[in-house]
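Colleague: Please pick one part of this model and take me through it closely. I would also like to know what adjoins it, with the cut-offs behind each term.

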Amino acid sequence: MLIRKRHGWELPESAAAPEEHFLGRRTLMKSAGAGLLLAAAGGAPAPLSAQPAGDEPGGLYPAPRNPAFTVDREVTAEELVTTYNNFFEFGSHKEIWRSAQQLPVRPWTVVIDGMVEEERTVDIDKLLASMPLEERVYRHRCVEAWSIVVPWTGFPMAELLDYARPLGSARYVRMETFGSDQYAAPGFRQFWYPWPYVEGLTLDEAANELAFLVTGAYGKPLPGQNGAPLRLAVPWKYGFKSVKSIVRFTFTDERPVSFWETLGPDEYGFWANVNPDVPHPRWSQAMERVIGTSEMIPTQLYNGYGEYVAELYKGLEQEPLFM
Ligand SMILES: Nc1nc2c(c(=O)[nH]1)N[C@H]1C(S)=C(S)[C@@H](COP(=O)(O)O)O[C@H]1N2
Ligand SMILES: [Mo]
């Protein structure tokens, strides 16, 4: 049994899990239905054999650091980034790392479909072998007002766009986390949410230099709890946009509706760009708690990445860009 130890830098329970708070209402209703469905299907399928995360072929890590992407703050300790996580498939609290590591991440395939020249399914290791891996130090700002600084390894999302060859008519990319065939993994919980976890970007956002597909952290393969074997990092947006354990990229001309938008459209919009001046309906976004320290620091517009991304939002002032 895990004893819940609270670190000094954690938020009180009332504020620490805002998503949980409003989910309470609906999950109760939904879980009743989900229970019935599962019973009808004869219960959960047999567990898959667990394979530890990060067992890709050697030689990829550490990748060379790209010096263009550094941060004027200390890198957060690896031990904290790998033990304080949001990954709701495995629980609505921060201590999911053991459960998440039970997700088998090999074999793993990624589907590229929708408005592309040719739909295809690619093995993750084939994909990694064809991508130029590099390390970038990025800030990460969760909508819950905490932040970390992480050395991610990965490749620019622009490379994936080249690989996928979207049609000229495509406007968005919709990304999906692992789905029902993997819910039998021993660590998976919470059958009542509207899985799979979905996020989306415009193709202009996805092509932006900052948009990064992550396969490793701290010079090693990505641990399961951080979204192995492939997750997004879009550091100018709130953390929930950085979808983990991706199995599908769908190119489309319709704006994708995300997991959180489905659950709380007034609180979690499509754009979700970081802005200290636009409060979440239930708390301020002006400051952020630096995980691992007792510091509260001011949150920056676009999380400090305005020089890269502000251009993307010219002419969109009528859109709810910051929530
Ligand atoms: N599939 C999936 N992706 C997810 C989440 C999740 O619950 N499920 N949580 C998001 C949120 S709210 C944050 S802050 C980051 C956390 O990433 P980290 O645990 O690696 O710090 O993952 C994001 N990606
Ligand atoms: Mo988050």
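Modeller: The answer starts with one open sheet and moves outward from there.

The model is predicted, so local features need pLDDT of at least 70 and side-chain atom pairs pLDDT 80 or more, while totals for chains, interfaces and linings use all residues. Residues are numbered from 1 along each chain as its sequence is written, chains are lettered from A and ligands numbered from 1 in the order written, and side-chain values use heavy atoms, without hydrogens and water.

The open sheet has five strands in the order β2-β1-β10-β5-β6, with mixed pairing. (Strands are DSSP runs of E, at least two residues, and helices are runs of H or I, at least four, numbered from the N terminus; two strands pair if DSSP finds at least two bridges between them.) At the edges stand β2 (120–123) and β6 (198–202); each has a single partner strand, so one side of each has no neighbour in the sheet. On average, neighbouring strands here are turned by 20 degrees against each other, direction ignored. (Axes are lines fitted to C-alpha atoms, for helices over the stretch in contact, with angles from 0 to 180 degrees between N-to-C directions.)

At the β6 edge, strand β5 (residues 172–177) is joined to β6 by five bridges, and the two run antiparallel. In that pairing, Y172 has T202 of β6 as its bridge partner. Helix α6 (residues 157–164) lies across β1 (109–114), β2, β5, β6 and β10 (246–252), at about 65 degrees to β10. (Contact means heavy atoms within 4.5 Å.)

Charged pairs come next. Side chains of opposite charge can pair when their charged atoms come close. The whole structure holds 17 salt bridges. (The rule is a Lys or Arg side-chain nitrogen within 4 Å of an Asp or Glu carboxyl oxygen.) One of them joins K241 and E199, at 2.7 Å from N to O. K241 sits in the loop between β9 (231–233) and β10, and E199 in strand β6, 42 residues apart. K241 is buried, with a relative accessible area of 1%, and E199 is buried at 1% as well. (Buried means under 20% relative accessible area, exposed over 50%, partly exposed in between, with a 1.4 Å probe and protein chains only.)

R165 and E117 also meet in a salt bridge, 2.8 Å from N to O. R165 lies in the loop between α6 and β5, and E117 in the loop between β1 and β2, so this pair ties together parts 48 residues apart in sequence. Here R165 is partly exposed, at 33%, whereas E117 is exposed, at 53%. A network of salt bridges links D113, R174, E176 and R248.

The sheet also takes part in lining a space. The second largest pocket has a volume of about 220 Å³. Of its 14 lining residues, W108, T109, D181, Q182 and V247 are the closest to the centre. Strands β1 and β10 each supply at least two residues of the lining. (On a 1 Å grid over the protein atoms alone, a cavity is a set of points where a 1.4 Å probe fits but cannot get out; a pocket is an open set with protein on both sides within 12 Å along at least five of seven lines; lining residues have an atom within 4 Å of a point. Points are joined across faces, edges and corners, and volume is the space filled by probe spheres set on them.)

Beyond this sheet, strand β4 (residues 146–156) gives the largest share of the lining of the largest cavity, three residues. That cavity holds about 290 Å³ of space. It is lined by 24 residues, with N86, H140, R231, G239 and K244 nearest its centre. There are two cavities of 30 Å³ or more.

All the residues of β4 are covered: 11 of its 11 are buried. Strand β3 (residues 134–141) runs antiparallel to β4 over eight bridges, with V137 opposite P151. Four residues separate the strands of this hairpin, in which A145 takes a positive phi near 75 degrees. Strand β7 (residues 212–217) is also antiparallel to β4, over five bridges, and T153 stands opposite G216. Strand β11 (residues 287–290) pairs with β4 in the parallel sense over two bridges, with S147 opposite V290.
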